[in-house]
Amino acid sequence: MLKVITLFNHKGGVSKTTTTFNLAWKLTRFNKRVLLIDGDPQCNLTGMFLGENFDAYYENDVTCKNNMKDAVSSAFAGRPQPIEAIDCPVHLHNDSLFIIPGHMDLSEYESSLSLALNSNNAFLTLQNLPGAFYELIRCCSEKYNIDYAFVDLNPGLSALNQMFFMYSDAFVVPTNPDPFSIMALKTLKKILPRWKRSAQQIGKLFEESSYPMPEKKMLFIGEIIQRFSLRNGKAAGAYQDKIDEIKAYVEKEFVPEMQSNNMLMDMKELFSREIIADRCLGEISDFGSLIQRANETQKPVFELDQMDMDAVGTVYENMEKKRRIIDETFTRIASVIKETL
């Protein structure tokens, strides 16, 4: 059964897109077939996936309509044409990884979608909109026998982000140790339960629509803390203080709020087996020069070899050491997802 996972934080600069790509790839190493969903009009995930073929994809008459926006246009235009699976690109280096490409004009649907989410079924013409994107995801997942779908969203609390979040079986919050992270978590603590209640209400109101909303639990798995500097193999002092602050807030404030709203993934068994110690799924320091090599080769950081790194001697040894640490971290995070979903 398809499981949809969203990595979401309305705060920018948390390596959300990079983490989504790397984590989805890692799950394919567990013999899973994974679909990436680019719900961000900036299309950074699509660019990472397609690499040098990005421009050609949107300029080619054969492929240009195979994207998130055009695939659901019939619903937003009120046409009777049903939503169907598109031909999803498969990754150049990974035949178990697929993507529904984004579109820079996806935000054109924002106003209609916002009206649909808040209409209380007052406008029958809008009732197919909230579930339209999920129908596309479902159709594509059936076509390619997908096990997991990962949704990448833009920073913000838009109607598009709300809708995609409502499709989630589970979610992960990427964050980084800076002064705004706790502020962002405080906002999410209030907003996400509200979105779940809205999803339940919309599901009942639009249950007779052509594309009903899926019944999803939207369970919090944990946070990932990333983008910080190391000193002697550990987070530098100021970063460590913020890391500790984030962990404490998640455990003492965020987790209880999610639990009270039935939005908390049960992790007791994983804790008892010492797969993870707490809700922090991983701490990932700055990728450094590895990220440039990864982008150039269209691979995740942990898949790079010495030829990809184009380095020798001490430089290579340092890069390889960091690569191994990142590999171990993503293996653990992917294991958690596989065990819980």
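A residue counts as buried when its relative accessible area is under 20%, as exposed when that area is over 50%, and as partly exposed in between, with a 1.4 Å probe and protein chains only. Helices (H or I, at least four residues) and strands (E, at least two) are DSSP runs, numbered from the N terminus.

The model is predicted, so to speak of local features a pLDDT of at least 70 is needed, side-chain atom pairs count only at pLDDT 80 or more, and totals for chains, interfaces and linings use all residues. Residues are numbered from 1 along each chain as its sequence is written, and side-chain values use heavy atoms, with hydrogens and water left out.

**Stop 1: the sheet**

Please select strand β10, residues 280-284. Four of its five residues are buried, and the strand is mostly covered. Strand β10 is one of the two edge strands of an open sheet, the other being β3 (90-91), and each of them pairs on one side only. Two strands pair if DSSP finds at least two bridges between them. Across the eight strands the order is β3-β4-β2-β5-β1-β6-β7-β10, and the pairing is mixed.

Next, add strand β7, residues 219-226, which pairs with β10 in the parallel sense over four bridges. Q226 has I284 of β10 as its bridge partner. At the other edge, select β4, residues 94-100, which forms two bridges with β3 in the antiparallel sense. Here V90 is bridged to F98 of β4.

Helix α7 (residues 132-143) packs on this sheet and touches β1 (3-7), β2 (34-38), β4 and β5 (148-152). Contact means heavy atoms within 4.5 Å. The direction of α7 makes about 155° with that of β2; axes are lines fitted to C-alpha atoms, for helices over the stretch in contact, and angles run from 0 to 180 degrees between N-to-C directions.

**Stop 2: the cores**

A nonpolar core is a set of buried Ala, Val, Leu, Ile, Met, Phe, Trp, Tyr and Cys residues joined through side-chain atoms within 4.5 Å. Which residues have the most contacts inside the largest core? They are I100, F133, F164 and F254, in a core of 66 residues. Helix α9 (residues 181-205) gives the most to this core, with eight residues.

Select F133 and display its surroundings: not counting residues up to four places away in sequence, F133 touches M68, V72, F76, L106, Y109, L160, M163, F164 and Y167. Another core, of 44 residues, lies apart from the largest one and includes F287, M309, A311 and M319.

**Stop 3: two helices**

Select α1 (residues 16-28) and α14 (residues 313-340), which pack at an angle of about 70° with their axes 9 Å apart. That makes α1 roughly perpendicular to α14, a term for angles of 65 to 115 degrees. Helix α1 contributes T19, N22, L23, K26 and L27 to the contact, and α14 contributes D327, F330, T331, I333, A334, I337 and K338.

**Stop 4: loop residues**

Select S15, in the loop between β1 and α1. Is S15 buried or exposed? S15 is buried, with a relative accessible area of 16%. Its phi is positive, about 60°, although S15 is not a glycine. Most residues other than glycine have a negative phi.

E274, in the loop between α11 (268-272) and β10, also has a positive phi, near 60°. E274 is exposed, with a relative accessible area of 69%.

Finally, select P82, in the loop between α5 (73-77) and β3. P82 is partly exposed, at 48% relative accessible area.

Terms used
Angles under 35 degrees count as roughly parallel, over 145 as roughly antiparallel, 65 to 115 as roughly perpendicular and the rest as oblique.
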